[in-house]
Amino acid sequence: MQQLTLPPFDARIKMQHDKTLILDMLRRKYVALTPEEWVRQHFVHYLVERLGYPQALLANEVELHIGEKRLRCDTILYNRSLQPLAIIEYKAPHIALQQKVLQQIAAYNLLLHVDYLMISNGVQHYCCQMDYEHHSYRFLDSIPPYSKIG
């Protein structure tokens with residue numbers, strides 16, 4: 001897997017039926033190790049181990065429904081009242097974080113109305129803080145620790 005700009009962690013990887021799997025600590029099961037999953041696992045470990053995000057308030061692969069359409073958020077961070085606080089979208093390291101990625105996560109936010117949107121491809125990471133009163137958002141300098149947003 002490609003080197004990322006996120007801190008390394010003790011990844012639990014195994015082979016099963018010629019497929020490489022990685023343990024997802026949030027879903028508590030092994031999942032296919034794709035480039036995007038490699039980013040997700042690094043980012044989640046970074047949030048929990050380095051930035052103090054409570055593991056119990058994070059969920060991977062959360063399904064949303066818009067009429068008949070089904071969407072899947074990569075990760076959602078909840079507040080202590082279990083209301084969505086942040087949506088996190090991951091891309092494989094070779095995929096540039098362009099405007100269409102922000103548009104994708106903004107579409108999820110039409111349903112969830114969170115305070116923070118985060119995107120990462122494992123090499124670059126961005127966090128936007130929403131300002132609903134002024135119908136705008138601002139990019140933060142870095143991913144904030146949980147103590148600043150929780």
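Strands here are DSSP runs of at least two residues, numbered from the N terminus. I am working from a predicted model.

**Entry 1, positive phi.** I looked for backbone outliers first. Most residues other than glycine have a negative phi. I noted Asp-18, which is not a glycine, with a positive phi near 65°. I then looked up where Asp-18 sits: in the loop between strand E1 (13–16) and strand E2 (19–24). Is Asp-18 buried or exposed? Its relative accessibility is 78%, so I count Asp-18 as exposed, the cut-off being over 50%.

**Entry 2, His-135.** I found a positive phi here too, about 55°, and His-135 is not a glycine. I placed His-135 in the loop between strand E8 (125–131) and strand E9 (136–139). I read a relative accessible area of 73% for His-135, so this residue is exposed.

**Entry 3, the hairpin.** I followed the two strands that flank His-135. E8 and E9 form a hairpin, with four residues between them and His-135 in the turn. How do E8 and E9 pair? I get the antiparallel sense, over four bridges. I checked one partner: Met-130 bridges to Tyr-137 in E9.

**Entry 4, surface patch.** I turned to the nonpolar surface. Which residues make the patch of about 290 Å²? I list Tyr-126, Tyr-137 and Phe-139. Tyr-137 is the bridge partner of Met-130 noted above. I located Tyr-126 in strand E8. Its relative accessible area is 32%, so I log Tyr-126 as partly exposed. That value lies between the 20% and 50% limits.

Notes: Residues are numbered from 1 along each chain as its sequence is written. This is a predicted model: local features need pLDDT of at least 70, side-chain atom pairs count only at pLDDT 80 or more; totals for chains, interfaces and linings use all residues. Side-chain values use heavy atoms; hydrogens and water are left out. Buried means under 20% relative accessible area, exposed over 50%, partly exposed in between (1.4 Å probe, protein chains only). Patches are made of residues with over 30% relative accessible area and no salt bridge: like charges are joined within 9 Å, nonpolar side chains (Val, Leu, Ile, Met, Phe, Trp, Tyr) within 5 Å. Accessible areas come from the Shrake-Rupley method with a 1.4 Å probe; for residues, only the protein chains shown count as cover. A salt bridge is a side-chain nitrogen of Lys or Arg within 4 Å of a carboxyl oxygen of Asp or Glu. Two strands pair if DSSP finds at least two bridges between them.
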